[in-house]
Amino acid sequence: MYRAVTRQIEVTVEPNFMPERSSIDRREFFWSYKIVIVNSGPETVQLRTRHWIITDATGRRQEVRGEGVVGEQPVLAPGERFEYTSGVPLPTASGFMTGSYQMVTEAGERFDIDVPTFSLDSPSPDGKRVLN
């Protein structure tokens, strides 16, 4: 599990390689990742946007920006949590992701929180794990 805390908002990530959605022959590798966001701060905040940087094993970088996560812009009061699962395909057997979420307070203050950099690792054809 990977963890980052920004302004008392914790983001944890748990990636999982999905062999049933991957094909070594077609150079398609797929991971799911579970994100948990916990607001341990004193203010109610809303997640407005996401920014991902996805890098495969060859160093090819892809940036993704968008509104909310999984179609939602969750509001988190102090002590509340939000979790979701999403996924990412890569043309290589390993890579990594990092990113941030833009949050906004009830007073309208916008700020970014970090998503920890996390490794996307898969077993190699001989059963050994390919690690970043």
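**Figure 1. An overview of the whole chain, beginning with its contacts.** Residues 24 or more positions apart account for 61% of the contacts in the protein chain that have a separation of 6 or more. Please keep in mind, as you look around, that this is a predicted model. The protein chain has 10 strands and 0 helices, so its elements, read from the N terminus on, run β-β-β-β-β-β-β-β-β-β. Along the principal axes, the C-alpha atoms of the protein chain fill a box of roughly 55 × 25 × 20 Å. Of the 132 residues in the protein chain, 45% are buried.

**Figure 2. The surface and the charges of the chain.** The protein chain has an accessible surface of about 7,300 Å². Carbon and sulfur atoms hold 47% of that surface. The protein chain carries 15 positive and 18 negative charges. How far apart are the mean positions of the positive and negative charges? They are 4 Å apart.

**Figure 3. An open sheet of 4 strands.** Here the strands come in the order β1-β2-β3-β7, and their pairing is antiparallel. At the edges are β1 and β7 (81-90), each of which pairs on one side only. Neighbouring strands of this sheet are turned against each other by 20° on average, with direction ignored. As a general reminder, strands of a sheet pair through backbone hydrogen bonds, and they can do so in a parallel or an antiparallel way.

**Figure 4. A closer look at β1 beside β2.** Let us stay with two strands of that sheet. Strand β1 covers residues 2-6, and strand β2 covers residues 9-17. The two pair in the antiparallel sense, over 5 bridges. One bridge to look for joins Y2 to its partner V13 in β2.

**Figure 5. T6 and T12, a threonine from each of these two strands.** T6 belongs to strand β1, while T12 belongs to strand β2. Is T6 buried or exposed? T6 has a relative accessible area of 16%, and because this is under 20%, T6 counts as buried. T12 is buried as well, since its relative accessible area of 10% is also under 20%. Which residues does T6 touch, not counting those up to four places away in sequence? They are D112, I113 and D114. For T12, leaving aside neighbours within four places in sequence, the contacts are M1, Y2 and R3, together with K34, I35 and V36.

**Figure 6. R7 and Q8 in the loop between β1 and β2.** The loop between β1 and β2 holds R7, and Q8 has its place there too. R7 has a phi near 50°, a positive value in a residue other than glycine. Q8 also has a positive phi, near 65°, and again the residue is not glycine. How much of these two residues is accessible? R7 has a relative accessible area of 38%, so this residue is partly exposed. Q8 is partly exposed too, with a relative accessible area of 45%.

**Figure 7. β4 and the strands that pair with it.** Strand β4 takes in residues 45-56, and strand β6 takes in residues 75-76. These two strands pair in the antiparallel sense over 2 bridges, and Q46 stands opposite V75 in β6. How many bridges join β4 to strand β8 (residues 94-105)? There are 11 bridges, and the two strands run antiparallel. In this pairing, L47 stands opposite M103 in β8. Strand β5 (residues 61-67) also pairs with β4 in the antiparallel sense, over 7 bridges. To find your way between β4 and β5, look for W52, which stands opposite V64 in β5.

**Figure 8. G59 at the turn of a hairpin.** Strands β4 and β5 form a hairpin, with 4 residues between them. The turn includes G59, whose phi is positive, at about 95°. This glycine is found in the loop between β4 and β5. With a relative accessibility of 47%, which lies between the limits of 20% and 50%, G59 counts as partly exposed. Which glycine is 36 residues apart from G59 in sequence? That glycine is G95, and the C-alpha atoms of G59 and G95 are 8.3 Å apart in space.

Methods:
Residues are numbered from 1 along each chain as its sequence is written. This is a predicted model: local features need pLDDT of at least 70, side-chain atom pairs count only at pLDDT 80 or more; totals for chains, interfaces and linings use all residues. Side-chain values use heavy atoms; hydrogens and water are left out. Buried means under 20% relative accessible area, exposed over 50%, partly exposed in between (1.4 Å probe, protein chains only). Contact means heavy atoms within 4.5 Å. Two strands pair if DSSP finds at least two bridges between them. Axes are lines fitted to C-alpha atoms, for helices over the stretch in contact, and angles run from 0 to 180 degrees between N-to-C directions. Accessible areas come from the Shrake-Rupley method with a 1.4 Å probe; for residues, only the protein chains shown count as cover. Lys and Arg count as positive and Asp and Glu as negative; His and the chain ends are not counted. The place of a charge is taken as NZ of Lys, CZ of Arg, CG of Asp or CD of Glu.
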